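Thanks for sharing this one. Here are my notes, set out as numbered points so that you can follow them with the model open beside you.

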Amino acid sequence: MDAEDIAAGRERWQQRYDSAREKLPRDRADRDFTTLSGEQVEPVYGPTDADSRMERIGWPGEYPYTRGIHPTGYRGKPWTIRQFAGFGNARQTNERYKMILAEGGGGLSVAFDMPTLMGRDSDDARSVGEVGHCGVAIDSAADMEILFDDIDLASTTTSMTISGPAVPLFCMYVVAAERQGAAGRDLNGTLQTDIFKEYIAQKEWIYPPEPHLKLIGDLMEYVATEVPAYKPVSVSGYHIREAGSTAAQELAFTLADGFGYVELGLSRGLDVNQFGPGLSFFFDAHVDFFEEIAKLRAARRIWARWMRDVYGATSEKAQWLRFHTQTAGVSLTAQQPENNIVRTAIEALAAVLGGTNSLHTNALDEVLALPSQKAAQIALRTQQVIAEETGVINVADPLGGSWYVEALTDRIEAEAEKIFERIKELGGDGSITAGLLRGIEDGWFITEIADAAFEYQVAMEKGDKKVVGVNTLTGDVGEPLEILRVSHEVELEQRRVVEQRRAARDQGAVDAALARMVDDAKADRNTVPAMLDAVRAEATLGEICNAFKPLWGEYREPARF
């Protein structure tokens, strides 16, 4: 790109920046954007002379969005501080949410316990010992009401990290909002719903792939007309990386999953410009600082190009890759756990410099248990220190143009494109969806991740990769941590509550709604309206999920050796 083109691009960006700035609240538009020493900082930096890289890098807020989707960067729209939390019962978690919001958190993210993640009720025989331990127990709409008691769902964005039973949980969320007086059009938030990554990495599924895709398609259709601000699918690379993948695998597998949901929406006759903005993403921020920044910048560029050139998206918002980031739980160590504060801060800063739209910072004790209140507050303050004290929000994509960062961005993008080609080869028909399904069935994704995890483990054991406190600089540091422990009484109480609610409800209304829901599935009609009626009648999560099993069966992963 020659100097004249660069000058024209800068002028174009300046016009977009000025227009966006005029719409900002005065306290944000007039904020002090100087260094700690009082030096003035420009909102963006770029070349003044010819630079061949500019065509690939671009300006903030312009295709290919390598440098971010907003021309103002964080000056105009800071990332949302969205802390992931959930433990015990709905009342206990509600108290933690109120603490997070009172301490400056900008949004909520719900962690569910294992029975809920698997679509089981708290009184299911398979739930014994697990209720409330890795997240909050949610059995019905009544629990969802308690979870958000005194929290206005019409004005609070909420993310729910659940995939297998995501659609019933979404219905419970909608009904809880209705009982607050909010309509579907008032709601804004994100549901994970990403079943592909469950088969690839996390293993929390219920049915075989095709029935799950049927439910996801139903949700996408329903949300498009009834809850238009809500994002029904958050494609998750986080769990892929936590399972042991490389950064390039995390990027490629995640975006491929996203392409699969685009193809699902198109197969339903939906307009990609309408449903595309409802797809969001969830990435891991690991401890290799520059690689993570490059990964996130490459992700935006790849998604924009594929959405425009492959799937025909013409609107800017449909080409935008909007994503949440969580610092890497797998990087935390039980040895010298206070070191985890440092790791989390570095990872959070990488996510911010990579342009994340929202962020969760892990607590230092999460490697041992669910976060204590003190550890959760430290994690929250980590983000706030980055936002308020470091000056990184002053400039859009401050590392843009770095020879190292741009080379890493290009390299990880090229690696991802090779993986996309391999996925398409697996499917045989040129579609990403066919490749995803074949790769799941054949165990290709699992093998790729396992090989990467094994290579890293060998490098650690040889000492080629250092982890402080684990294979270098070992020894006790500090006092033992006081960790959060969930009482067994939570499970006993939750079981009693479920039994009481079943006894008090109109069983005929529950049975009728569940039957209509299954009939709609058999007739290939949208199942969400009937599911909402079942939830309004206080059908439990397990009852809703079990109702489909005679029709669809349960998924069993093939044995592999």
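1. A word on terms before the details: a residue is called buried when its relative accessible area is under 20%, exposed when it is over 50%, and partly exposed in between. Arg297, at 0% relative accessibility, therefore counts as buried. Please keep in mind throughout that this is a predicted model.

2. Overall build. The chain has 24 helices and eight strands. Its radius of gyration is 23 Å, close to the 24 Å that the globule rule gives for 561 residues, so the chain is as compact as a globular protein of that length. Along the principal axes, the C-alpha atoms fill a box of roughly 75 × 60 × 55 Å.

3. Burial and contacts. Of the 561 residues, 57% count as buried. The chain exposes about 22,700 Å², and carbon and sulfur atoms supply 51% of that area. Taking contacts between residues at least 6 apart in sequence, 77% join residues at least 24 apart.

4. The parallel strands. Strand β5 (residues 233-236) runs parallel to strand β6 (residues 279-285), and four bridges join the two. Within that pairing, Val233 has Leu279 as its bridge partner. On the other pairing of β6, five bridges connect it with β7, again in the parallel sense, and Phe281 stands opposite Phe323. β7 also pairs in the parallel sense with strand β8 (residues 358-360), over three bridges; here His324 stands opposite Ser358.

5. Which faces of these strands are covered? In a regular strand the side chains alternate between the two faces of the sheet. For β5, Val233 and Val235 on one side and Ser234 and Ser236 on the other are all buried. β7 (residues 323-327) has five of its five residues buried, with Phe323, Thr325 and Thr327 on one side and His324 and Gln326 on the other. Both faces are thus covered in β5 and in β7.

6. The largest nonpolar core. This core has 61 residues, and those with the most contacts inside it include Phe112, Ile138, Phe170 and Phe548. Several elements each supply at least two of its residues, among them α4 (90-102), β2 (107-110), α9 (209-226) and α21 (507-522). Helix α7 gives the most, with 11 residues. If you would like one residue to centre your view on, try Ile138: leaving aside its neighbours within four places in sequence, its contacts include Ala90, Phe112, Met144, Leu169 and Leu541. There is also a second, separate core of 54 residues, which includes Ile195, Tyr199, Ala252 and Trp444.

7. A salt bridge with partly exposed partners. Side chains of opposite charge can pair when their charged atoms come close. The structure holds 45 salt bridges. One of them joins the side chains of Asp149 and Arg91, at 3.1 Å from N to O. Asp149 lies in the loop between α6 and β3 (158-160) and Arg91 in helix α4, so the pair ties together parts that are 58 residues apart in sequence. Asp149 is partly exposed, with a relative accessible area of 27%, and Arg91 is partly exposed too, at 37%.

8. Buried charges on helix α13. Where do Glu292 and Lys295 lie? Both are in helix α13 (residues 289-309), three residues apart, or about one turn of the helix. They form a salt bridge whose closest N and O atoms are 2.6 Å apart, and both residues are buried. Arg297 forms a salt bridge with Asp397, with closest N and O atoms 3.0 Å apart. This pair links distant parts of the chain, 100 residues apart: Arg297 is in helix α13, while Asp397 is in the loop between α16 (373-389) and α17 (403-427). Asp397 is buried, with a relative accessible area of 7%.

9. A wider network, and one last residue. Salt bridges link Arg56, Arg301, Arg305, Asp410, Glu413 and Glu417 in a network. Asp309 is also worth a look: it sits in helix α13 and is partly exposed, with a relative accessible area of 48%. Asp309 and Thr48 are 261 residues apart in sequence and 30 Å apart in space, C-alpha to C-alpha.

Notes. Residues are numbered from 1 along each chain as its sequence is written. This is a predicted model: local features need pLDDT of at least 70, side-chain atom pairs count only at pLDDT 80 or more; totals for chains, interfaces and linings use all residues. Side-chain values use heavy atoms; hydrogens and water are left out. Buried means under 20% relative accessible area, exposed over 50%, partly exposed in between (1.4 Å probe, protein chains only). Two strands pair if DSSP finds at least two bridges between them. A nonpolar core is a set of buried Ala, Val, Leu, Ile, Met, Phe, Trp, Tyr and Cys residues joined through side-chain atoms within 4.5 Å. Contact means heavy atoms within 4.5 Å. A salt bridge is a side-chain nitrogen of Lys or Arg within 4 Å of a carboxyl oxygen of Asp or Glu. The radius of gyration is taken over C-alpha atoms; the globule rule is 2.2 Å times the number of residues to the power 0.38. Accessible areas come from the Shrake-Rupley method with a 1.4 Å probe; for residues, only the protein chains shown count as cover.
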